[in-house]
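Visitor: I have a structure open and would like to talk it through with you. Could we begin with its open spaces and move on from there?

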Amino acid sequence: MQFAGFRERLLADDLFFAKVFMECGVGLFTKTAAEYQRRGENFFNELEVVFADVVMAIIADFMLVYLPAPTVSLRPPLALNAGAITKFFHGCPDNAFQIALSGTSYSLLQRIGGVVRNGAKLFAVGTASSLVGTAVTNALINARKAVDKDKAGEIENVPIVSTSVAYGVYMAVSSNLRYQVLAGVIEQRCLEPLLHKHKLMLSAICFAVRTGNTFLGSLLWVDYARMIGIQKAH
């Protein structure tokens, strides 16, 4: 509660930390399973790429829960000389679909602004996490080439810049929209009003929904990466 970002989210959702652990805990397993389902018999031939995908996803999982989570705004007022764009985004909700507290309201434009602001943040997170993941993957590929020189010509390094930018775009669009709907519509507007007195059941259902969303995201990433040509099926 000493950190403003956590405090704002815990006041809006007392299961926020449980959802963080759910997302990060199941991420490794669901993403690996999704990679195996999409790649099939090529899974073991593409282990380096699979590793990059999983590393990128795990690094990003926390931010995917944190940024789109509904909040109780405790932000200090802006300086009087703040620009118009700064003032606009300051008034936007963290989740485009979150319920406005009594005495506050959000216009349609502010809710759209919430999607745009989170999209920009997730683009940065996705690009940075991909840089880490692809760099580690290329190091593994080079090590494998050094050990198995017969297959050195068959193994290609992962393109760092194009993969990182592509993953940033994917996070800003697909992940952003899916997690906005998950946190603001499915959980806050649908599940919590029905099960607010049954926290254990609510947690179990949130776990199932988030697991399915994580798995879906992994499938969509593989298809997207192959569609734009940054990954190839062997």
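Guide: Let us begin with the second largest pocket, which has a volume of about 180 Å³. Please bear in mind that the model is predicted.

Visitor: Which residues lie nearest the centre of that second largest pocket?

Guide: Ser73, Gly91, Cys92, Thr104 and Tyr106 lie nearest its centre, out of 15 residues that line the second largest pocket.

Visitor: And how does that lining divide by class?

Guide: The lining of the second largest pocket has eight polar, five nonpolar and two charged residues.

Visitor: Let me turn to enclosed space. How many cavities of 30 Å³ or more does a search of the whole structure find?

Guide: The search finds two cavities of that kind. The largest cavity holds about 140 Å³ of space, and the second largest has a volume of about 100 Å³.

Visitor: What lines the largest one?

Guide: Its lining has 16 residues, and those nearest the centre are Lys31, Ala57, Tyr167, Gly217 and Ser218. Helix 2, helix 3, helix 6 and helix 7 each give two or more residues to this lining. Helix 6 supplies the largest share, with six residues.

Visitor: How many charged residues are in that lining?

Guide: Five residues in the lining of the largest cavity are charged, alongside seven nonpolar and four polar ones.

Visitor: Now the second largest cavity: which residues are closest to its centre?

Guide: Asp13, Lys19, Ala69, Pro70 and Glu187 are the closest, among 13 residues that line the second largest cavity. Two or more lining residues come from each of helix 1 (4–12), helix 2 and helix 6. The largest share is again that of helix 6, here with four residues. By class, the lining of the second largest cavity comprises six charged, six nonpolar and one polar residue.

Visitor: You named Tyr167 at the largest cavity. Where is Tyr167 found, and is it buried or exposed?

Guide: Tyr167 is found in helix 6. With a relative accessible area of 5%, Tyr167 is under the 20% cut-off and therefore counts as buried.

Visitor: What does Tyr167 touch, leaving out residues up to four places away in sequence?

Guide: On that basis, Tyr167 touches Met56, Ala57, Ala60, Gly126, Ser129, Ser130 and Trp221. As for Gly126, its C-alpha lies 5.6 Å from that of Tyr167, although the two are 41 residues apart in sequence.

Visitor: Which residues have the most contacts inside the largest nonpolar core?

Guide: Tyr167 is one of them, together with Phe16, Met171 and Trp221, in a core of 22 residues. At least two residues of this core come from each of helix 2 (16–39), helix 3 (47–66), helix 5 (108–147), helix 6 (160–195) and helix 7 (199–227). Another core, of six residues, lies apart from it and includes Leu15, Leu191, Leu202 and Cys206.

Visitor: Which residues does Met171 touch?

Guide: Not counting residues up to four places away in sequence, Met171 touches Ala60, Leu64, Leu122, Val125, Gly126 and Asn176.

Visitor: I would like to ask about Asp61 too. Where is its place, and why does it count as buried?

Guide: The place of Asp61 is in helix 3. Asp61 counts as buried because its relative accessibility is 0%, and the cut-off for buried is under 20%. Leaving aside residues up to four places away in sequence, Asp61 touches Glu23, Cys24, Gly27 and Lys31. Lys31 also appears among the residues nearest the centre of the largest cavity.

Visitor: Changing topic, where does UniProt place a transmembrane region?

Guide: An unreviewed UniProt entry places that feature at residues 201–222. In the model, this span is 100% helix and 0% strand, with its end C-alpha atoms 32 Å apart.

Visitor: Finally, how many helices and strands does the whole chain have?

Guide: The protein chain has seven helices and zero strands. Its C-alpha atoms fill a box of roughly 70 × 45 × 35 Å along the principal axes. Of its 234 residues, 44% count as buried.

Visitor: What part of the contacts with a separation of 6 or more comes from residues 24 or more positions apart?

Guide: Such residues account for 73% of those contacts in the protein chain.

Definitions and conventions. Residues numbered from 1 in each chain as written. Predicted model: local features only at pLDDT ≥ 70, side-chain atom pairs only at ≥ 80, totals over all residues. Heavy atoms only, no water. UniProt positions renumbered as here; feature names shortened; annotations may be inferred. Core = buried A, V, L, I, M, F, W, Y, C linked by side-chain atoms within 4.5 Å. Buried < 20%, exposed > 50% of the residue type's maximum accessible area, 1.4 Å probe, protein only. Contact = heavy atoms within 4.5 Å. 1 Å grid on protein atoms, 1.4 Å probe; cavity = no way out; pocket = protein on both sides within 12 Å on 5 of 7 lines; lining within 4 Å. Points joined across faces, edges and corners; volume = space filled by probe spheres on them. Nonpolar A, V, L, I, M, F, W, Y, C, P; charged D, E, K, R; others polar.
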